[in-house]
Amino acid sequence: MIYQLLISWLPGWCTEWPFLTMVNLRVDPASEAAEHIEKTLGAPLPRQCGHTTASGSHTVLWLGPDEWLVLSRTEATAVTAELREALGGDPGSVVDVSANRTTVELSGPAARQVLEKGCPLDLHPRAFGPGKAVSTTVGPVAVLLWQVDDTPTYRLFPRSSFADYLARWLIDAMSEYRGPEVP
């Protein structure tokens, strides 16, 4: 793990959650295969930018009109096999991309302000709230950004090779929120 630390001067956490199951799914959303996949996941495939759906151990994030990222607490080979079976012989793809990205979680009362230092999105609750997930940048790092709850808790999915840089960027961005120096 790159970082698993409590930031005591920010009332919240910045932690890495490595090796989560992530499966990239491509399928025509109007196809029978999409219906089979939805039944397998127990959740509909989100149909709009920024939308997510969840059921049981699976969360599905919209990436494009025919592309989704399936996050799961289930083992990657099992999820991939189930989704490939649901896809059948229809056009589409199911690819385990768990090693492609890592997960950095940022939470606490100042989490939004920290992200706003380097994210071009409007993260105000009127525009971006729990359940929203979009591709963006934080600092110079491309990430998939998902707001999990109202705490707020954000999960950032950078490419693994950029995780260390992103964690250092976040720690630097948090520095103004630390408490007074203790002699």
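**A walk around strand β5**

Visitor: What makes the pair formed by the side chain of W62 and the backbone oxygen of G64 a polar contact?

Guide: In this predicted model, the backbone oxygen of G64 lies 3.0 Å from a polar atom of the W62 side chain. The cut-off for a polar contact is a pair of N or O atoms within 3.5 Å, so a distance of 3.0 Å qualifies.

Visitor: Why is W62 called buried?

Guide: W62, which is found in strand β5, has a relative accessible area of 15%. Buried means under 20%, so W62 earns the word. Leaving out residues up to four places away in sequence, W62 touches P46, R47, Q48, C49, G50, H51, E67, W68 and A133. One of these, G50, is 12 residues from W62 in sequence, with 6.2 Å between the two C-alpha atoms.

Visitor: What makes H58 buried rather than exposed?

Guide: H58 is another residue of strand β5. Its relative accessible area is 10%, and the limit for buried is under 20%, so H58 counts as buried. Beyond its neighbours within four places in sequence, H58 is in contact with L41, T53, V70, L71, S72, T74 and V79.

Visitor: How do you know that the side chains of H58 and S72 make a polar contact?

Guide: The distance is 2.9 Å, from side chain to side chain. With the cut-off at 3.5 Å, the H58 and S72 pair therefore falls within it.

Visitor: Why do you say that β5 is largely enclosed by the rest of the structure?

Guide: Of the 7 residues of β5, 6 are buried, so the strand is largely enclosed. For the protein as a whole, 46% of the 183 residues count as buried.

Visitor: How do you know that β5 pairs with β4 and with β6?

Guide: Pairing calls for at least two bridges between strands. β4 and β5 have 4 bridges, in the antiparallel sense, and β5 and β6 have 6, also antiparallel. Both pairs therefore meet the requirement. In the β4 pairing, T52 stands opposite L61 of β5; on the β6 side, the bridge partner of V60 is V70. Each pair is a hairpin: 2 residues lie between β4 and β5, where G56 takes a positive phi near 55 degrees, and 2 residues lie between β5 and β6.

Visitor: What makes β4 and β7 the edges of the sheet?

Guide: The open sheet has 5 strands in the order β4-β5-β6-β3-β7, with antiparallel pairing. β4 (52-55) and β7 (93-96) each have a single partner strand, so one side of each is left without a neighbour in the sheet. From one strand to the next, the twist averages 20 degrees.

Visitor: How do you know that β3 and β6 pair, and what packs on the sheet?

Guide: Strand β3 (residues 21-26) and strand β6 (residues 67-72) share 6 antiparallel bridges, and at least two are needed, so they pair. Within this pairing, L25 stands opposite W68 of β6. Helix α2 (residues 76-87) packs on the sheet and touches β3, β5 (58-64), β6 and β7, while its direction makes about 175 degrees with that of β7.

Visitor: Why is F19 called exposed, and what is its phi?

Guide: F19 sits in the loop between β2 (12-16) and β3. Its relative accessible area is 75%, and exposed means over 50%, so F19 is exposed. Its phi is near 65 degrees, a positive value in a residue other than glycine. Most residues other than glycine have a negative phi.

Visitor: What makes the bond between T151 and P152 a cis peptide bond?

Guide: Omega is about 0 degrees for the bond joining T151 and P152, and the bond is cis. P152 is placed in the loop between β10 (141-149) and β11 (153-158). Most peptide bonds are trans.

Visitor: How do you know that the radius of gyration agrees with that of a compact globule?

Guide: For 183 residues, a compact globule would have a radius of gyration near 16 Å; the protein has 17 Å, which agrees. The C-alpha trace spans about 65 × 35 × 30 Å along its principal axes. The protein holds 4 helices and 11 strands, and its accessible surface comes to about 9100 Å², of which 54% belongs to carbon and sulfur atoms.

Note on methods:
Residues numbered from 1 in each chain as written. Predicted model: local features only at pLDDT ≥ 70, side-chain atom pairs only at ≥ 80, totals over all residues. Heavy atoms only, no water. Axes fitted to C-alpha atoms, helices over the stretch in contact; angles between N-to-C directions. Contact = heavy atoms within 4.5 Å. Buried < 20%, exposed > 50% of the residue type's maximum accessible area, 1.4 Å probe, protein only. Polar contact = N/O pair within 3.5 Å; in protein donor to acceptor, adjacent residues only side chain to side chain. Rg over C-alpha atoms; globule rule 2.2 N^0.38 Å. Areas by Shrake-Rupley, 256 points an atom, 1.4 Å probe, with all protein chains shown as cover.
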